[in-house]
Amino acid sequence: MARDKVTYESYEQDVFDNPPKGPVGVHRGSRSVISRIAPFVIVILVAALCGFGAWAWVTGEYKNILNLNTSSQTAQTSGTEKKDSSDAKSNSTDSSDTKSENTDSSNAQSDSAATDNADQSTQQDQAAATVNKATQVRVINATGISGYAGQKADVLQTAGYTSVEAANPTGAVPTSTVVWYQNEADKATAEDVASTLGISAVEQVQGLAAPITVVLLN
């Protein structure tokens, strides 16, 4: 019997005869450039930091670095303190300005009140110094000379007085010739009456029958 030739096709195919396409199992795809370079970069940076730290420690430069950080913190603190001090001075200045304004306002009010009082006093003085020839004047004859009061009344009317009357005494009379006035506002008029009649005595008396009374005596 002739021996049969055994070939690949002589065996029945199974799952191993149709493997999946592409790498499987321990086989993986190619990595990116960054993922391959990253470990080397990290190693270089760590080595550089370690070298810098060793150099700073050996040369003592780490002290200067610490001092620099301390100086920066001190400068920041000093700047904050200066700002607070400046704000405090500004507040103090504002308070002083407010007090000055209040003082000026108080002084202005005082000056205004003083001015008003002075104006009122001036008006009163002007009113007292005004001669009012329309004021009622009574001339009393206590001399015993008939018609003497009428003569003096005529003198006053000639001087411009419009309300003058002559009368006889009805009660007690003074010891000398005098001009009486009742209100302070009639003082100037009483003085003018006395000057017109040549009388030197002028007195303020309450309870008069007329604002100005002239009492004639020998």
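How many salt bridges does a search of the whole structure find? The search finds 1 salt bridge in this predicted model, and its two side chains appear in the last of the views below.

**View 1. Strand β5 and its burial.** Strand β5 covers residues 212-216, and 5 of its 5 residues are buried, so the strand is largely enclosed by the rest of the structure. Both faces are covered. I212, V214 and L216 lie on one side, while T213 and V215 lie on the other.

**View 2. Strand β5 beside strand β1.** Strand β1, made of residues 137-141, pairs with β5 in the parallel sense. The pairing runs over 5 bridges. Within β5, V215 is the residue that stands opposite I140; V215 is also among the buried residues of β5.

**View 3. Strand β5 beside strand β3.** Residues 178-181 form strand β3, which pairs with β5 in the antiparallel sense. This pairing comprises 4 bridges. W180 has T213 of β5 as its bridge partner, and T213 is buried.

**View 4. The salt bridge between R138 and E165.** The side chains of R138 and E165 meet at 3.0 Å, taken from N to O. The pair links distant parts of the chain, with R138 in strand β1 and E165 in strand β2 (residues 164-167), 27 residues apart. Side chains of opposite charge can pair when their charged atoms come close. R138 has a relative accessible area of 25% and is therefore partly exposed. E165, with a relative accessible area of 29%, is partly exposed as well. Strand β1, which holds R138, is the parallel partner of β5 shown in View 2.

Definitions and conventions. Residues numbered from 1 in each chain as written. Predicted model: local features only at pLDDT ≥ 70, side-chain atom pairs only at ≥ 80, totals over all residues. Heavy atoms only, no water. Buried < 20%, exposed > 50% of the residue type's maximum accessible area, 1.4 Å probe, protein only. Pairing = 2+ DSSP bridges. Salt bridge = Lys/Arg side-chain N within 4 Å of Asp/Glu carboxyl O.
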